[in-house]
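I sat down with this one to look up a few things and jot them as I went. Here is the model I had open.

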Amino acid sequence: MAVYTEVNDEDLACFVAEYDIGGVLACKGIAEGVENTNYILRTEKGAYILTLYEKRVRRDDLPFFMALMEHLSASGVTCPTPIRRRNGKVLGELAGRPAALISFLEGVWIKKPNVEHCGAVGRALAAMHNATLGFPMERPNALSLAGWEMLYGQADGRADSVQAGLDAAIAEELAFHRAHWPQGLPTGVIHADLFPDNVFFLKGRLSGLIDFYFACTDILAYDVAICLNAWCFEPDHAYNATKGRALLAGYRAVRPLSDAEMAAMPVLARGSALRFMLTRLVDWLNVPPGALVKPKDPLEYWKKLRFHQRVASPAEYGFDL
């Protein structure tokens, strides 16, 4: 979440009038994340998240995201859901941007996840994957192999300004994945960004998943690899196999992983680290002027990638083979 686009009071009042949620009491920007502009909106009938979709989010993808959240909520997955306007639609326009109101989800995200948090995330991710089996829509992953090549091009040879030799190392890593990316694994709708700040906990229990704006159709086990990267490394970038074991056990208790999915985990985790390193690198090099957001360090994910390059067996992630 972030604030790129300012909204004036008059435009906000007109936008809110298209909903049956009462008048505006307060509206405050949320200055976290890198994708969309977000405000917490309080009205006479409750609290909501007001999201303005910025240029990186394609307008044509928005119906997929809205329908996915509605489907997941109806399937028992606790997540924010779009609020429908008086005309029955979920999308409007505000300050020249596509915009939507989303239900407010109670809870906080955990800055220092423990083993129990990791197990809960594994179970929630598997439940989400199971719930999407009946979802009829698809969206290609724009940040898979071809997308990584595009991001590398957007860095425009400037990676060495972040770390000497990084440009050539990225090119070598991209060549590895072109040759070794897994084929034939089970696919479905994945969250693709289930970091700690996208998972809420309340009174020690997982209270819901948020931010589905990277969701897409891809390898289900790739989503697990993303979570291993996001949840199971310590601040010194050392992998915590105990947390990994809890996350994997939680996931497998709800949705079993095949032998092929487990065998592919080192490459999937390596690719996941590359993907987030590249998006962070591009953001680091291209922060929009005036944005109230601090870009995240791409070298954090380069260090994680270096760990995955040394992994010799899926057991190192915490699999009980």
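My notes cover a sheet, a hairpin, an aromatic pair and a pocket.

**Before starting.** I reminded myself that this is a predicted model.

**Entry 1, the sheet.** I looked up the strand order first. I found an open sheet of 5 strands, ordered β1-β2-β3-β5-β4, with antiparallel pairing. Which strands stand at the edges? They are β1 (24–29) and β4 (92–94); each has a single partner strand, so one side of each is left without a neighbour in the sheet. I also noted the twist, which averages 35° from one strand to the next.

As a reminder to myself, strands of a sheet pair through backbone hydrogen bonds, either parallel or antiparallel.

**Entry 2, the β4 edge.** I then checked what β4 pairs with. Its partner is β5 (residues 97–103), running antiparallel to β4 and joined to it by 3 bridges. Going down to residues, I have Gly 92 opposite Ala 99 in β5.

**Entry 3, the helix on the sheet.** What lies across these strands? I found helix α1 (residues 9–16), which lies across β1, β2 (37–43), β3 (46–52), β4 and β5. I wrote down its angle to β4 as about 170°.

**Entry 4, a hairpin.** Next I went to β7 (residues 199–202) and β8, which pair in the antiparallel sense over 4 bridges. I see Phe 201 with Leu 206 in β8 as its bridge partner. How many residues sit between β7 and β8 in the hairpin? I get 2, and Lys 203 in the turn has a positive phi of about 55°.

**Entry 5, aromatics.** I pulled up the aromatic pairs and got 15 in the structure. One of them is Tyr 53 with Tyr 213, an edge-to-face pair at 5.2 Å centre to centre with 70° between the planes. This pair links distant parts of the chain, as the two residues are 160 residues apart. I placed Tyr 53 in the loop between β3 and α2 (62–74), and Tyr 213 in the loop between β8 (205–209) and β9 (216–219).

**Entry 6, a pocket.** Last, I looked at the second largest pocket, with a volume of about 570 Å³. Its lining has 21 residues, and the closest to the pocket centre are Lys 111, Pro 196, Ala 230, Glu 300 and Lys 304. Which helices each supply at least two residues of this lining? I have α6 (220–231) and α10 (298–310) down for that. By type, I wrote the lining as 10 nonpolar, 2 polar and 9 charged.

Notes
Residues are numbered from 1 along each chain as its sequence is written. This is a predicted model: local features need pLDDT of at least 70, side-chain atom pairs count only at pLDDT 80 or more; totals for chains, interfaces and linings use all residues. Side-chain values use heavy atoms; hydrogens and water are left out. On a 1 Å grid over the protein atoms alone, a cavity is a set of points where a 1.4 Å probe fits but cannot get out, and a pocket is an open set with protein on both sides within 12 Å along at least five of seven lines; lining residues have an atom within 4 Å of a point. Grid points are joined across faces, edges and corners, and a volume is the space filled by probe spheres set on the points. Ala, Val, Leu, Ile, Met, Phe, Trp, Tyr, Cys and Pro count as nonpolar, Asp, Glu, Lys and Arg as charged, and the others, Gly among them, as polar. Two strands pair if DSSP finds at least two bridges between them. Axes are lines fitted to C-alpha atoms, for helices over the stretch in contact, and angles run from 0 to 180 degrees between N-to-C directions. Contact means heavy atoms within 4.5 Å. Rings of Phe, Tyr and Trp (its six-membered ring) pair if their centres lie within 6.5 Å; planes under 30 degrees apart count as stacked, over 60 as edge-to-face and the rest as tilted.
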